[in-house]
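Trainee: Got a minute to go through this one with me? I'd like to see how each answer is reached.

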Amino acid sequence: MMTLVHGTCVAFGADGVLILGPSGSGKSDLALRLIDEHGSGGDGEPMSCALVSDDQVVLRRSGDALIASPPEALRGLIEVRGLGIVRVMATRPSAALRLVVTFAQRETIDRLPDFGAQTIEVANTRLPELRVSPWDISTTAKIRVAITAFRRNVSSSTLAV
């Protein structure tokens, strides 16, 4: 069974990050920044990011995982406000979702949330949720740190960055 969601998905290796938010809220812009930057997620080694899909994401179940991929017509394309639809060379055909990023006003985001305990349901699957203010300069770094923490399977209180 496949589900089509309005969102953007990027991947750090095989680890997918689904970015959700209203139209025009900055999903594509955040994805472009993640793809263009090469931050480390606190590990010291650059973590490159690739586009899976922009605007629409196809989700399908594979065992316990939810796999994200692009609709064929959108493969490799991203909207860049002010330029239009452009082709991205850093792409990945699919990724297993590890994290869902949702947008919130900065003042509504908990300073010290129970990392890993906040979840959101997507396509009948509960996934870890990271609430961010999309325009904060540190947002891309926060996403990389979250992926690093999930890869290490540790809580934020024990993650060394």
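Mentor: Sure. One cut-off to start: a residue counts as buried under 20% relative accessible area and exposed over 50%. Keep in mind that this is a predicted model.

Trainee: Is Cys49 buried or exposed, then?

Mentor: Its relative accessibility comes out at 4%. The limit for buried is under 20%, so Cys49 counts as buried.

Trainee: And where does Cys9 fall, buried or exposed?

Mentor: Use the same cut-off, under 20% for buried. Cys9 has 0% relative accessibility, so Cys9 is buried.

Trainee: How many disulfides does the structure hold?

Mentor: A disulfide is a covalent bond between the sulfur atoms of two cysteines. Here a pair needs its sulfur atoms within 2.5 Å. For Cys9 the closest cysteine sulfur is in Cys49, 8.9 Å away, which is too far for a bond. The disulfide count is 0.

Trainee: What radius of gyration does the chain have, set against a compact globule?

Mentor: The C-alpha trace spans about 40 × 35 × 30 Å along its principal axes. For 161 residues, a compact globule would come out near 15 Å, and the chain agrees with that, at 15 Å.

Trainee: What share of the contacts with a separation of 6 or more joins residues 24 or more positions apart?

Mentor: Some background on the fold: the chain has 2 helices and 11 strands, and buried residues make up 45% of its 161 residues. As for those contacts, the share from residues 24 or more positions apart is 66%.

Notes. Residues numbered from 1 in each chain as written. Predicted model: local features only at pLDDT ≥ 70, side-chain atom pairs only at ≥ 80, totals over all residues. Heavy atoms only, no water. Helix = DSSP H or I, 4+ residues; strand = E, 2+ residues; numbered from the N terminus. Rg over C-alpha atoms; globule rule 2.2 N^0.38 Å. Buried < 20%, exposed > 50% of the residue type's maximum accessible area, 1.4 Å probe, protein only. Contact = heavy atoms within 4.5 Å.
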